[in-house]
Amino acid sequence: MNQVPDIQPPGFFLRFFRWYCDPSIAEDIEGDLREMFARDVSRGGLAKARMQLSFRILRLFRPGIIKKIGHQPSFNRSSPMFKNYFITSTRSLLRNKGFSVINIVGLAVGFATFSLISFYVYNELTFDRYHQNADRIFRIVENLRTENEELFQSTSSPPMGPHFLKDFPEVENYVRLQQWNLLAQRNDISGYERDCYIADSTVFDVFSFKLLRGDRKTALREPFSIVLTKSMAKKYFGDEDPVGQTLKMDYDNYKVTGVMEDVPENSHFRFSNLISFTTWSRNNKDAEDRQWFWNGFHTYVLMREAESADKVRAKMKDFLTRNIEKGGMYYEDLPLQPLTSIYMAPPRSWENGTRGSINNVYILSIIAVFILMIACFNYINLATARASRRLKEVGLRKSLGALRRMLVAQFLGESLIVTFIASLIAVLVAWIALPAFRTLVESPLSFSILPDSWKVLGAAFALIVFVGVLAGAYPAFIISGFQPLQIFRPSARGIFGHHNLRKVLVGIQFMISITLVAGTMLVYDQLDVVRNQELGFDKDGVLVVPTNGDTAIVKYLDAVKNELMRVKGVSHVAGSTSIPGQSANNLYTEIEMTDGKMSPTNINYIFVDHDFLSAYDIELVAGRNFQRDVKADDTTAFLINETAVKDFKWTPEEAIGKRIQLRSPGKIIGVIKDFHYRSLHTKVEPLMLAMTTYVRLMSIRIESDDVPGTVERVQSKWKELIPYLPFDYSFLDVEFDRQYKADQQLGKVAGVFTGLAIFIGCLGLLGLTSFVVERRTKEIGIRKVLGASVSSVVLLITREFIWLIGIALVVATPLTWYLIERWEQNFTLQAVINPLRFVMAGLAVMFFAWLTISFLSLRAASANPTQALRTE
Amino acid sequence: MSRHQLGEFEEIVMLSVGILYKEAYGVAIIDEIEGRLNRKVSIGALQTVLRRLENKGYLTSEFGEATNVRGGKRKRYFSLTLLGSRVLQETKEQRMEMFRAIPRVAFPKS
């Protein structure tokens with residue numbers, strides 16, 4: 001053959017070939033390849049030859065040529081060898097009980113927290129998915145433009161649903177809902193049902209709520225029909241059959257036409273009963289057909305196909321111009337929110353039900369991954385540190401002909417055994433911790449939300465294998481990579497060369513710990529700022545009792561208030577339609593602008609009585625409060641807040657006397673200081689106060705050291721005055737703080753898991769120190785013989801870790817800073833990030849690390865050196 | 001004799017190994033087939049078939065001397081075993097028998 005010995009074939013493909021080829025046939029085939037390559041070179045040039053060679057090698061990659069996995073002509077085929085692996089692994093685990101316990105406990109706690117948090121995150125991310133048509137249901141929401149601002153509302157007006165159905169062939173059905181708060185009464189059982197919803201009779205066609213009794217087509221057709229949930233039926237009817245019976249709610253008698261399953265916990269809004277829509281619409285026919293700007297309803301539409309939402313969106317402009325006149329107020333857009341996204345979407349105004357926070361989901365996920373990482377790093381660190389113990393075993397195996405691959409398999413198997421044991425313990429731990437976790441995250445987390453059990457098991461198995469391989473891979477490759485000669489030679493240099501990786505891993509653990517500690521402290525800082533924020537009103541010591549517009553109270557309001565005022569410890573009594581921290585009414589109003597023209601807008605209202613400002617200690621900036629002796633105030637006087645004044649570009653003094661057209665004409669008589677009448681997450685919006693006697697809530701300010709006693713006295717007075725109305729009181733500050741439930745939860749959860757992370761990290765540190773101490777026993781002995789003090793020896797061991805904490809602190813600071821800054825953007829008022837917190841976190845972590853380390857190093861340092869040196 | 005079914009390509013490879021006698025190694029076999037039958041043979045296809053035939057016991061192989069060419073890799077020479085040659089023989093006879101059984105009239109006049 002023509003040989004061109006100078007030209008070598010491309011090495012990469014040959015290496016690839018050698019890697020995959022069955023070694024028993026590799027030699028001659030490679031020879032053939034080289035021969036053909038040489039011939040190609042002499043014939044057609046180098047480039048072409050190379051290409052053909054690589055092409056050939058790729059075509060050789062086929063069964064029959066590739067080496068068979070596990071079918072090596074060697075002894076690892078036999079089951080005795082596997083048995084041997086298993087025995088040696090178990091023995092080594094048992095011999096180093098301390099290390100094994102640290103590894104297993106760390107991983108178990110890691111797995112348990114990871115699975116609990118995953119459960120929670122899964123729950124949060126799968127809200128409303130249980131509806132059969134979940135992907136076809138959308139909520140109509142509004143971007144409403146008024147002359148002064150753009151409002152993003154979750155609500156829509158009554159004609160929208162029907163017109164969607166009429167105008168868009170893609171829409172199959174719709175349902176309108178509105179939340180009512182009614183006082184339900186039957187025999188001597190009464191209670192406020194805050195989650196009554198009126199609903200179109202189509203509600204059961206759109207949503208998959210399960211109707212247990214009654215007919216889904218007709219149940220909500222007639223006015224004053226009501227469908228109860230199972231638990232509400234039980235509350236008012238006990239074991240009786242409620243269907244066909246009547247239930248008094250406020251002043252009307254409702255006929256129970258059905259009973260349904262309770263609304264699942266993972267729903268973005270939940271209700272205790274559904275009332276037929278006709279109950280409302282029979283007297284409001286005109287509003288239902290024409291009030292395009294009365295945005296008091298939540299409308300859900302069912303599309304024929306999930307994809308057709310885009311088609312509908314494309315035709316929206318046309319729909320708006322066709323149906324709705326463009327006045328001073330008009331719709332910029334009517335977006336369609338997919339049902340499954342509502343729970344996590346940024347809240348619009350007038351949301352129904354509860355909302356989750358995607359930020360919290362992110363933060364918790366990060367914490368879960370962090371904790372698992374810390375546990376994995378523990379395993380890697382301890383396994384590599386311990387490797388020296390296994391060197392003889394490895395050396396012997398290698399001398400007897402074990403391939404590297406087999407050793408890798410052995411050590412990977414070992415880490416899989418450890419992870420598997422850990423996961424079993426984790427199941428137990430998670431099971432025990434689940435009730436506590438449920439209270440911690442304040443979520444029922446029922447198992448029914450989980451997908452098929454085989455999917456869960458599969459995911460768990462995948463996680464175990466993933467963690468096992470992740471933790472085991474590096475030690476396996478390190479240990480199996482040692483050369484037998486190197487192992488048996490006493491100067492085993494290079495074996496401990498993976499010190500650096502260990503340092504990096506410990507450093508990362510410290511970094512994570514510092515991030516978590518500092519992050520938690522900063523979260524609490526922010527929550528403190530929120531809690532202590534200047535609200536513009538005094539929220540402490542206010543007792544709130546609902547009356548739901550009870551006619552007797554409305555009629556004899558002043559008398560009732562006077563009676564309550566006489567109770568010892570009560571300083572103010574005020575009535576209103578809503579209270580700070582709750583919602584307000586958003587109403588269509590015309591306001592006189594500076595140029596004298598009336599301008600239409602939607603503005604928030606709270607209707608109050610004469611004592612509202614004084615009871616809540618809200619300050620007046622200009623003008624006057626409502627006055628009892630000015631009879632006209634009852635209907636024609638308005639107070640306005642500073643934000644509104646600023647929005648309209650007035651000075652407070654200019655605002656006085658401006659004309660207002662609500663239902664009847666009136667005038668602004670005063671300007672009040674801004675107060676947070678809604679959440680602190682949202683900015684203070686323009687607000688008007690007007691007078692009413694239709695009181696839904698009584699606010700009773702208590703100024704007394706004996707709060708429980710006063711509450712009791714108020715209650716007995718209440719029973720005396722209005723025995724039929726339940727005294728269903730709450731404290732305003734408690735109610736107000738409830739708005740930050742999600743944030744406070746986050747603080748608590750972060751605190752708990754930070755503790756856990758530090759615990760696992762310290763476990764690893766304990767193991768590592770014990771290893772270091774063990775290895776340096778002789779060194780410490782000699783140092784002491786030569787006159788080293790205990791403290792200098794302790795310092796010797798701890799110095800390394802202190803360094804790492806320092807570096808970790810430097811890395812963790814900007815990271816945490818960035819994350820917390822992002823999170824704080826959720827709040828209108830943000831806490832200043834206090835750099836001192838990082839120092840504190842660093843010190844805290846250092847304290848725990850030092851405690852862990854010095855426990856062992858002190859023992860080593862104070863031991864009698866003869867003990868250490870006599871061992872041989 | 002249905003136990004010893006040879007595929008078309010297997011048969012060609014075995015025939016080439018027979019033809020080349022003592023000189024039948026990878027590249028030579030490829031050249032032989034390509035030269036005689038004017039068809040492309042990939043080394044991947046050839047090597048799999050060679051190993052398969054060896055496993056069935058139709059072929060046997062041994063390494064040649066190491067030389068400086070071919071990157072110092074030895075050649076593997078294949079030769080027919082007794083079983084292999086018998087199978088080849090049988091295959092040929094089966095074909096011939098069938099060919100002879102075709103009645104003359106079945107061949108269209110050209």
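Q: In this predicted model, over how many bridges do E2(A) and strand E12 (residues 330–333) of chain A pair?
A: Let's start with one edge of E2(A). Strand E12 of chain A, residues 330–333, runs antiparallel to E2(A). One of the residue pairs here joins Asn143(A) with Asp333(A) in E12(A). The number of bridges between E2(A) and E12 is three.

Q: Which residue in E3(A) is the bridge partner of Glu142(A)?
A: E2(A) also pairs with strand E3 of chain A, residues 150–153. That pairing is antiparallel and has four bridges. Within E3(A), Glu142(A) is bridged to Gln153(A).

Q: Which residues make up the uncovered face of strand E2 (residues 142–145) of chain A?
A: A handy rule helps here: side chains in a regular strand alternate between the two faces of the sheet. In E2 of chain A, the covered face holds Glu142(A) and Leu144(A). The uncovered face is made of Asn143(A) and Arg145(A).

Q: What distance separates the centres of domain 2 of chain A and domain 3 of chain A?
A: Chain A is divided into domain 1 (11–60), domain 2 (134–342), domain 3 (358–530 + 740–869) and domain 4 (542–739). Domain 3 is thus written as two segments, 358–530 and 740–869. Taken over C-alpha atoms, the centres of domain 2 and domain 3 of chain A lie apart by 51 Å.

Q: Why is chain A described as more spread out than a compact globule?
A: Chain A has 31 helices and 24 strands. For its 872 residues the globule rule gives 29 Å, and the chain is well over that, so it is more spread out than a compact globule, with a radius of gyration of 37 Å. Along its principal axes, the C-alpha trace spans about 110 × 80 × 65 Å.

Q: What share of the contacts in chain A with a separation of 6 or more comes from residues 24 or more positions apart?
A: Two percentages help to picture the chain. Of its 872 residues, 40% count as buried. Among contacts with a separation of 6 or more, the share from residues 24 or more positions apart is 83%.

Q: Which element gives the largest share of the side of chain A that touches chain B?
A: The contact takes 18 residues from chain A and 16 residues from chain B. On the chain A side, helix H2 (23–44) and helix H3 (46–60) each supply at least two residues. By class, this side has six nonpolar, three polar and nine charged residues. The largest share, 11 residues, comes from H2(A).

Definitions and conventions. Residues numbered from 1 in each chain as written. Chains lettered and ligands numbered in written order. Predicted model: local features only at pLDDT ≥ 70, side-chain atom pairs only at ≥ 80, totals over all residues. Domains from an automatic or database assignment. Contact = placed C-beta atoms within 7 Å. Nonpolar A, V, L, I, M, F, W, Y, C, P; charged D, E, K, R; others polar. Rg over C-alpha atoms; globule rule 2.2 N^0.38 Å. Buried ≥ 20, exposed ≤ 12 C-beta atoms within 10 Å, placed from the backbone. Pairing = 2+ DSSP bridges.
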